[in-house]
Amino acid sequence: MQGDENIAFALIEAKRGQIARLTDAVYTAWNAQPNMLGRYDLNALAEALLVQGRTEHALAAAQAVKTETLGPIDQIDQ
């Protein structure tokens with residue numbers, strides 16, 4: 001069933017490409033409008049960027065979360 005393995009691999013790579021393009025679109029939009037994303041969105045963006053090996057961009061997204069208004073437990077989680 002070599003053909004099935006090739007199809008599965010192609011589908012996985014296609015999804016990976018879609019995720020990369022979506023991550024790029026969100027990152028670009030966030031750079032243009034820095035206040036558009038909330039805490040959870042910024043964390044999700046940071047994780048997606050980290051998976052792509054874009055650590056500098058991931059750190060920027062994670063550091064953009066405003067922690068001053070968070071409670072103590074949420075500050076620790078952040």
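R54 is where I would like to start, and in this predicted model that residue is found in the loop between α2 and α3. Although R54 is in a loop, the residue is buried, because its relative accessible area is 19% and the limit for calling a residue buried is under 20%. Its side chain is joined to the side chain of Q52 by a polar contact of 3.1 Å, and, if we leave aside residues up to four places away in sequence, R54 touches T23, D24, Y27 and L49.

The second arginine I want to show you is R39, which is found in helix α2, the helix that covers residues 39–51. R39 is buried as well, with a relative accessible area of 17%, and here the polar contact between side chains is with Q78, at 3.2 Å. Again not counting residues up to four places away in sequence, the residues that R39 touches are V65, L70, D74, D77 and Q78.

Now, for contrast, please look at I12, which is found in helix α1, spanning residues 2–32. Is I12 buried or exposed? The careful reply is that I12 is partly exposed, because its relative accessible area of 47% falls between the 20% and 50% limits. If you follow the chain from I12 to D77, you travel 65 residues, and the C-alpha atoms of those two residues are separated by 31 Å; D77, you will remember, is among the residues that R39 touches.

Let me turn to the protein as a whole. Four helices and zero strands make up its list of elements, and read from the N terminus the order is α-α-α-α. The protein is more spread out than a compact globule, because its radius of gyration is 16 Å, well over the 12 Å that the globule rule gives for 78 residues. Taken along the principal axes, the box that the C-alpha atoms fill is roughly 55 × 30 × 20 Å.

What share of the 78 residues counts as buried? The figure is 19%, and R39 and R54 both carry that label. Among contacts with a separation of 6 or more, 41% come from residues 24 or more positions apart.

Finally, the surface and the charges. The protein exposes about 5,900 Å², and 60% of that area is supplied by carbon and sulfur atoms. As for charged side chains, there are 6 positive and 10 negative ones, and the centres of the two sets lie 5 Å apart.

Notes. Residues are numbered from 1 along each chain as its sequence is written. This is a predicted model: local features need pLDDT of at least 70, side-chain atom pairs count only at pLDDT 80 or more; totals for chains, interfaces and linings use all residues. Side-chain values use heavy atoms; hydrogens and water are left out. Helices (H or I, at least four residues) and strands (E, at least two) are DSSP runs, numbered from the N terminus. Buried means under 20% relative accessible area, exposed over 50%, partly exposed in between (1.4 Å probe, protein chains only). A polar contact is a pair of N or O atoms within 3.5 Å; within protein, one must be able to donate a hydrogen and the other to accept it, and residues adjacent in sequence count only if both atoms are side-chain atoms. Contact means heavy atoms within 4.5 Å. The radius of gyration is taken over C-alpha atoms; the globule rule is 2.2 Å times the number of residues to the power 0.38. Accessible areas come from the Shrake-Rupley method with a 1.4 Å probe; for residues, only the protein chains shown count as cover. Lys and Arg count as positive and Asp and Glu as negative; His and the chain ends are not counted. The place of a charge is taken as NZ of Lys, CZ of Arg, CG of Asp or CD of Glu.
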